[in-house]
Amino acid sequence: MLRIVYISIIFLCVFPYTLFCQASQNTESLEDTTRTYNTEQLDSMTKVMRDHFYEANYDKVIEQTPALIKNARAINDTVSKRRLTSVLGNAFIQLDDIEKASELFNEVLTNAIKTKDTLAIVSSYINLGNTYINANPKQAITHFEDALDLGMIMENNMIIFIAQNNLSELYVGIQEPEKAQYYVDKALPLVLNQLEDNQEEYLATVYHVQGAIHLQQEKYDQAIKYVLQSIALGKDNYQEETLLNNYKHLIDAYDKTGQYEALNVIRKQYDSLRDRRYEADIIRQQQIARSRFNLDQYEQKLRASQLENQLSQQKASKSRLLSIFSLTIGAILLLLLSLLLYVRRKRFKLLKDLRIKNQQYLEAKEKSEKLAQAKTKFLSTISHELRTPLYGIIGLSSVLINNPKLKDHLENLTSLKFSADYLLALINDVLQLNKLESQIGQEVQNSYFKIENLVYSILQTFEFINQQNNNAVHVDIDPNIPEVLSGDQMKISQVLMNLISNASKFTQDGAITISIKSAGKKDQKTAIAFCIKDTGIGIPEEQQSKIFDEFAQITNSSDYEGTGLGLPIVNKILTLLGSTLTFESSYGKGTTFRFTIPFDVGLETDLERIKENTLDYKRLDQKKILIVDDNKINQLVTQKVLEQYGIQHRTASNGQEALDLVEENAFDIILMDVNMPVMNGLESSKAMRELEVETPIIALTAINSTDPEKDFASFGINDAIIKPYKIEKLLELLLKYLH
């Protein structure tokens, strides 16, 4: 809530004389921001930048605004400079780049102090306060207090109200209602006596904070009174986040006072608004991801352009040197007596040029490698960004599938979950490829398993797509294969899943045959030959040499296109297992893949890990679990899952809230997110252990750590599960740690 509210407030402060003006239509083009604009044109450009900001085109703001700020500085247009700086800084805030936003606003503050520009100083204090509202509330309080002091000196009632209202909300956010009340008592008479324009909107904001204060002070009747006044006064002027919080305050107050009929009415309004916010959050996440992607592309192009300029300068320098050298050679040729000196100089020059070219080659190679690393990092970042919305889609679809009331929609829900699972598999392909390049990803971890159980378990995953494509699946397992084998079950599963997935996707109205035969013994190991054959579309002969290239796409009649990572991943895994992948394919007739892996032989007594788990879900009934997650969508998904098994739950939006709840309540298990504002999950877990809280903590995280349990153990976290996860995996962990 705080972040959205204060970004709007800062624009009121930075553009004081356009508070109530309608923005004019944009007539200027930003195709060339390097040209010089006059004051009137800069004002038009500022409106364009502001429109980009409101449309969430933060990448365009960051690309184009610095040149405009430089232009404003050159013509001494301080008003445009201040406006543009505010837009640029707030774009950084929206992309969570607090460091750049702080650096920008502090630089403006330093210059404003030097030039004694009072309005720029107070604007900088408010901008800095907005920057740290979520990252460091106490630091934000300091900046707003500075703005308040300066506003009192300026006798500017609007600045005074903005600072007082922001301070009251910040103190509510850090659970200090007495200090919040102090600023509300100051702001209320100011609104009533001085701020006649938009008075109802400002009163709605003040009453919203007053209601929150009374709620924290357990004065529930007073809280209800002020929240209802806030809602009535706010009308259509509310931001949805503020109205949502008012509803939450009413729900808490009605619950505490036993007014359940009123609670149900507000709950319906709250749920309706929360659903709209859910859709808006998804759109905003997509816009931010798009801006980050475009900004990264822009930075890569900028680096490439700089490299090209350097190479051009080097060529020009070399051309000048060659001209001088040619003139020198001509002079030396005229002097026969200097022939020996000429030869010597020519040889020296040649060696020097070779050294320069070698150095240039090494520098270019190094820059190319850095660009490749940046691309890899970018792909990994985007993959991780997609995990949060996927968690919501997969989790909610899983819950809805198990709802008996939705049996008529079971087919549609199953298709939805299949699509989400498939998208997750594509993301995991990118991450898996990076992981296989690391030392940990190349380690082989053997365990005992039955090959028959493994194959049929994998086939269940593709049962849906094979039914859609009308494919018949046949499995032929050699009875001479030992019943219990020892090998890296995870890597073998990845190989089979990729190959069976390809066969299922590229075959329609056909047959898929999985043949597993004994291939004799070698070095006291049993060799097993695998063959996956399909009657699908096949691979054209001219393209068969490309199928193991990363990101390569095979052009054929199929409508399906993947990441081009499946077969490269299979090839890398089989290399680690001491095997190779071979294939035969005829276009239009089908494809056959073969590989052979050596296994150790185990006994029936070695199968403790693969015995069928009989999970007693009744043990979960009435257990108390604390859900800690700053993402409302993630909270909703986890709540829905737990409610299916009769689990009681409470939620916290950051580590500090979780710490406060644990000090006052007893829980059976804590589900802890890692990346959160105010206090992250790692810090909160460590603080709980320092308070001698022994409740098991399970980390729910989108971090793709190679060994999350090992990484988190030092903070007192008992176990970890990566989102999105299977519900069965979560339930298994809950039962593991329930006493």
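# Close-up views of a predicted model

**View 1. Helix α21 is mostly covered, with nine of its 12 residues buried.** Welcome to the first stop in this structure, which is a predicted model. The residues of α21 that are buried are Ile633, Asn634, Gln635, Leu636, Val637, Thr638, Gln639, Val641 and Leu642. The helix runs over residues 632-643, and at 1.5 Å a residue its 12 residues should span 16 Å; the C-alpha atoms at its ends are 16 Å apart, so the two values agree. Look also at the start of α21, where a side-chain oxygen of Asn631 comes within 2.8 Å of the backbone nitrogen of Ile633.

**View 2. Helix α12 covers residues 240-257.** Its 18 residues should span 26 Å at 1.5 Å a residue, and the distance between its end C-alpha atoms is 26 Å, which agrees. Many names appear on the buried list of α12: Glu241, Thr242, Leu243, Leu244, Asn245, Asn246, Tyr247, His249, Leu250, Ile251, Ala253 and Tyr254. Follow the chain just past α12 and you meet Gly258, which takes a positive phi of about 75 degrees.

**View 3. Helix α22 has its buried residues on one face.** In this helix, residues 655-664, the buried residues are Gly655, Ala658, Leu659, Leu661 and Val662. Seen down the axis of α22, they fall within an arc of 165 degrees, so they line one face of the helix. Glu663 and Glu664, on the other side of α22, are exposed. A general point helps in reading this view: an α-helix has 3.6 residues a turn, so residues three or four places apart point the same way.

**View 4. Ser123 sits in helix α6 and contacts the backbone of Leu119.** Helix α6 spans residues 118-131. A polar atom of the Ser123 side chain lies 2.8 Å from the backbone oxygen of Leu119. Is Ser123 buried or exposed? With a relative accessible area of 2%, Ser123 is buried.

**View 5. Arg82 and Asp117 join in a salt bridge.** The distance between their side chains is 3.8 Å, N to O. This pair links distant parts of the chain, 35 residues apart: Arg82 belongs to helix α4 (residues 78-94), while Asp117 is in the loop between α5 (98-115) and α6. Arg82 counts as buried, at 13% relative accessibility. Asp117, at 23%, counts as partly exposed. As general background, side chains of opposite charge can pair when their charged atoms come close. The count of salt bridges in the model comes to 13.

**View 6. Lys491 and Asp488 form a salt bridge between two buried residues.** Their closest N and O atoms are 3.4 Å apart. The relative accessible area is 10% for Lys491 and 4% for Asp488.

**View 7. A salt bridge brings together the side chains of Lys736 and Asp719 (3.4 Å, N to O).** Lys736 lies in helix α25 (residues 727-737) and Asp719 in strand β12 (residues 719-722), so the pair ties together parts that are 17 residues apart in sequence. Which partner is exposed? Lys736 is, with a relative accessible area of 53%. Asp719, in contrast, counts as buried at 7% relative accessibility. Elsewhere, salt bridges that share partners join Asp43, Lys47 and Arg83 into one network.

**View 8. Leu350, Leu351 and Leu354 make a nonpolar patch on the surface.** The area of this patch is about 280 Å². One of its members, Leu354, has its place in helix α14, residues 339-385. Leu354 counts as partly exposed, at 44% relative accessibility.

**View 9. Lys589 is found in the loop between β6 and β7.** The strands on either side of this loop cover residues 582-586 for β6 and 590-601 for β7. At 65% relative accessibility, Lys589 counts as exposed. How many residues apart in sequence are Lys589 and Ile539? The two are 50 residues apart in sequence, and their C-alpha atoms are 9.0 Å apart in space.

Definitions and conventions: Residues numbered from 1 in each chain as written. Predicted model: local features only at pLDDT ≥ 70, side-chain atom pairs only at ≥ 80, totals over all residues. Heavy atoms only, no water. Patch = residues over 30% accessible without salt bridge, like charges linked within 9 Å, V, L, I, M, F, W, Y side chains within 5 Å. Areas by Shrake-Rupley, 256 points an atom, 1.4 Å probe, with all protein chains shown as cover. Salt bridge = Lys/Arg side-chain N within 4 Å of Asp/Glu carboxyl O. Helix = DSSP H or I, 4+ residues; strand = E, 2+ residues; numbered from the N terminus. Buried < 20%, exposed > 50% of the residue type's maximum accessible area, 1.4 Å probe, protein only. Expected span 1.5 Å × (residues − 1). Polar contact = N/O pair within 3.5 Å; in protein donor to acceptor, adjacent residues only side chain to side chain. Arc of directions from axis to C-beta.
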